[in-house]
Amino acid sequence: MDTVDRRTILATGALALAGAAATSSAEAQAGPKAIFPVGTTTIPIAGETDVFPVRRIYCIGRNYAAHAREMGSDPNREPPFFFQKPTDAIQNVAIGTVADHPYPSLTKNYHYEVELVAALKSGGSNISPEAALEHVYGYALGLDMTRRDLQRAMGDEKKPWEIGKSFDFSAPIGPLHKVAQIGHFQKGAIWLKVNGQTKQTADLSQMIWSVAEQISKLSEANELFPGDIIYSGTPDNVGPVVRGDVIEMHIDKLPNLSVKIV
C-alpha cells in the first residue's frame, strides 16, 4: 500500500470518528426521547381553526341543591368537592350532528348529567373569587356520563368511586365558545331531554357554587394551569339511558348538542 492510500484511509477514518462523536454529542444535548408518541387531547373552538389543548378535567359534585338531596346529601352544610376525569374521557360532539356515544362496559345503570363547562386560559394558586373569571377562556356544553351502579357500589364499600366516573368517552363536550363572544354565565336555562322527553331542567343561577367560586376553591388545593377545564355540576333528575336512546342538551347562549347511545 503506498503513502497516498494510507493517508487517504487514515483521513477518512478520522472524519468518520469525528462525525460519530459530533452525532453523539448532539444526541446528548437533545436529551432523552419518548419511546412512543402520546397524543394531545383537544377541543374545537367555535369559529376558529385553532384548538384548545386539555391539561386536566375537573368536575364538581352535587352543585345544585335539588341534585345534592337526590344523591342523599345536605346542600346547606356540604363544602364543595371535586373529582377528575382523564383527558381521553373527552368525546368531541359537533354542532348539528347526533354523535354515536358508546355504552360502556361493566355497567347496567348508565346515567346522564348535563353541565356547563368552563375552560381556563391561565391559572394560579389561591385565586380570589373576584379575579377568577379573568382566567376563563370560554365555555362549552358537556355531559358527565356516569356508571352509577359502579359509583354507588364503591361508595358503599368506602372505596374511591373513580371507576364510576373516569372512563373512556365519559366526558362528551361541544365546541368552546370564547368569553369575548358570549360573555360569562351567571344565569340561563339548562336542560336535557331523552328521546324528546325533558328529564333535567334548571337555571344556572341555582348552582350552589358559581364558576368563579369553583375556580377559587380548586386553586386552594391545586395550582391551576392553562388547559384545565371544569365541569360545573348538574341539576337534579339524573337517570339511566340504554342503547338507542338519544340525548339532547341545552344551555342558553350555546348551541344544542345531541348524542345517541350505541
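This section describes the overall make-up of a predicted model, followed by its cavities, helix α4, Lys165 and two residues with positive phi.

The protein chain contains seven helices and 18 strands. Of its 262 residues, 44% count as buried. Among contacts between residues at least 6 apart in sequence, 75% join residues at least 24 apart.

Rolling a probe the size of a water molecule over the atoms shows where empty space is left. In the predicted model, three cavities of 30 Å³ or more were found. The largest cavity has a volume of about 120 Å³. Its lining comprises 16 residues, and Gly61, Arg62, His67, Gln151 and Lys165 are those that lie nearest the centre. Divided by class, this lining consists of six charged, five polar and five nonpolar residues.

Gln151, one of the residues nearest the centre of the largest cavity, belongs to helix α4, which spans residues 148–156. Arg148, Leu150 and Gln151 are buried in this helix. These three residues lie on the same side of α4, because they cover an arc of only 165 degrees around the axis. The packing partners of the buried residues of α4 are β7 (110–112), β10 (146–147) and α5 (162–165).

Lys165, also among the residues nearest the centre of the largest cavity, is located in helix α5. Lys165 has a relative accessibility of 3% and therefore counts as buried, the cut-off being under 20%. The side chain of Lys165 forms a polar contact of 3.2 Å with that of Glu113. When residues up to four places away in sequence are not counted, Lys165 touches Phe83, Lys85, Glu113, Asp144, Met145, Thr146, Arg148, Gln151 and Ser170. Two of the buried residues of α4, Arg148 and Gln151, are thus included among the contacts of Lys165.

Positive phi values were computed for two residues other than glycine, Leu106 and Lys158. Lys158 follows α4 and is found in the loop between α4 and α5; its phi is about 60 degrees. With a relative accessible area of 75%, Lys158 is exposed. Leu106 has a phi near 75 degrees and is placed in the loop between β6 (98–101) and β7. Leu106 is likewise exposed, at a relative accessible area of 62%. Both values exceed the cut-off for exposure, which is over 50%.

Key. Residues are numbered from 1 along each chain as its sequence is written. This is a predicted model: local features need pLDDT of at least 70, side-chain atom pairs count only at pLDDT 80 or more; totals for chains, interfaces and linings use all residues. Side-chain values use heavy atoms; hydrogens and water are left out. On a 1 Å grid over the protein atoms alone, a cavity is a set of points where a 1.4 Å probe fits but cannot get out, and a pocket is an open set with protein on both sides within 12 Å along at least five of seven lines; lining residues have an atom within 4 Å of a point. Grid points are joined across faces, edges and corners, and a volume is the space filled by probe spheres set on the points. Ala, Val, Leu, Ile, Met, Phe, Trp, Tyr, Cys and Pro count as nonpolar, Asp, Glu, Lys and Arg as charged, and the others, Gly among them, as polar. Buried means under 20% relative accessible area, exposed over 50%, partly exposed in between (1.4 Å probe, protein chains only). Helices (H or I, at least four residues) and strands (E, at least two) are DSSP runs, numbered from the N terminus. The arc is that of the directions from the helix axis to the C-beta atoms. Contact means heavy atoms within 4.5 Å. A polar contact is a pair of N or O atoms within 3.5 Å; within protein, one must be able to donate a hydrogen and the other to accept it, and residues adjacent in sequence count only if both atoms are side-chain atoms.
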